Amino acid sequence: MYTIGQVAKFLGVSRDTLKYYEEKKLVNPIHDGVNGYRKYNQYDIHDVITTNFYREIDIEIKKIQEIRNNMSIGNLGHLLEEKKAKIREEIEHKKLLLNKIDAVKRDHVNINKYLGGFTVKEMKPLELIGEITDFTAYDEYEIIRNNTANKKAVTLSSARRVIQFNEKGIKDEKFIIVKKIEENKVHSRIISYTKCLYMVIENGRAVDDGKNIDNEIGERLIKIARENNYELAGIAYINILMTTYEEGLERVFLEMYAPIK
């Protein structure tokens with residue numbers, strides 16, 4: 001017979017793990033009638049090893065309990081197939097996360113490269129899904145949530161502020177919801193511009209107390225167009241790239257595409 005300390009040392013597990021296995025009825029050592037100390041025999045140790053084996057392949061404790069309760073070898077095969085399918089699903093999700101992180105890293109590069117500057121580039125095709133009244137029209141966010149992967153928590157990566165302007169200022173604005181074009185699917189409402197003035201703008205309470213910078217940005221846009229002989233189409237698409245914080249106040253980085261005729 002062996003003590004809990006000895007078994008923990010033999011098998012490379014903690015005392016707390018052995019107690020947890022016992023609590024879940026995965027191992028059942030006897031308790032000394034005098035001092036209450038646990039005593040493990042060879043079968044108890046084998047039960048711990050077996051539990052470790054299944055935990056190593058990430059089988060849940062509840063499923064290991066089912067295995068101990070006379071699960072057939074056939075049903076065990078089904079359990080392993082289910083686990084394999086779940087892991088494959090998790091791998092696909094991790095791949096998706098990696099793609100999203102790469103996209104955010106590209107946004108970070110654009111912030112460093114184009115904040116305070118500009119370039120001419122394509123606004124890649126987007127599918128128009130619908131509109132909301134304003135970014136603060138929170139009761140209308142269902143349309144955003146419904147077009148988020150797996151309908152998870154809302155972000156504003158799919159939202160665009162669209163402004164129509166001329167040299168006198170903004171004539172109109174609206175807020176649209178878009179998503180990337182999916183291959184091999186028919187899309188009815190596509191927004192696409194091959195040539196745009198592109199710039200990154202900084203706003204937020206940490207920068208300018210959250211004041212409206214529309215006029216300032218509009219003047220800058222028109223100045224760039226004049227200096228470079230660009231004819232603006234009078235429309236611009238703005239979306240949030242990233243938000244950071246400085247002393248608890250947000251710094252919001254926006255990107256803007258202004259199509260050129």
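Which helices and strands do the buried residues of H2 pack against? In this predicted model, the partners are helices H1 (4-11), H3 (42-56) and H4 (61-68), together with strands E1 (30-31) and E2 (38-39).

## Helix H2 and its two sides

Let's start with the helix itself. H2 spans residues 15-23, and its buried residues are Leu18, Tyr21 and Glu22. Viewed down the axis of H2, these buried residues fall within an arc of 100 degrees, so they line one face of the helix. Note that a charged residue, Glu22, is part of this buried group.

Turn to the other side of H2 and you will find Asp16 and Glu23, which are exposed.

## Two residues with positive phi

Just after H2 comes a backbone feature worth a look: Lys25 takes a positive phi of about 65 degrees, although Lys25 is not a glycine. Lys25 sits in the loop between H2 and E1, and E1 is one of the elements that the buried residues of H2 pack against. With a relative accessible area of 67%, Lys25 is exposed.

Asp58 is another non-glycine residue with a positive phi, again of about 65 degrees. Its loop runs between H3 and H4, two helices that the buried residues of H2 pack against. Asp58 counts as partly exposed, at 39% relative accessibility.

## Strand E3 and its partners

Further along the chain, strand E3 (residues 119-132) pairs with E6 in the antiparallel sense over 6 bridges. In this pairing, Glu127 of E3 stands opposite Ile190 in E6.

E3 also pairs with E5, in the antiparallel sense and over 6 bridges. Here Glu131 stands opposite Ile176 in E5.

## The second largest pocket

Strands E5 and E6 turn up again in a pocket lining. The second largest pocket has a volume of about 840 Å³. Of the 36 residues that line this pocket, Arg161, Asn203, Ile213, Asp214 and Leu254 are the closest to its centre.

Which elements each supply at least two residues of the lining? They are strands E4 (159-166), E5 (169-180), E6 (190-203), E7 (235-246) and E8 (249-259), along with helix H8 (214-227). The largest share, 8 residues, comes from H8. If you are thinking about the chemistry of the lining, its residues divide into 17 nonpolar, 9 polar and 10 charged.

Key: Residues numbered from 1 in each chain as written. Predicted model: local features only at pLDDT ≥ 70, side-chain atom pairs only at ≥ 80, totals over all residues. Heavy atoms only, no water. 1 Å grid on protein atoms, 1.4 Å probe; cavity = no way out; pocket = protein on both sides within 12 Å on 5 of 7 lines; lining within 4 Å. Points joined across faces, edges and corners; volume = space filled by probe spheres on them. Helix = DSSP H or I, 4+ residues; strand = E, 2+ residues; numbered from the N terminus. Buried < 20%, exposed > 50% of the residue type's maximum accessible area, 1.4 Å probe, protein only. Arc of directions from axis to C-beta. Contact = heavy atoms within 4.5 Å. Pairing = 2+ DSSP bridges.
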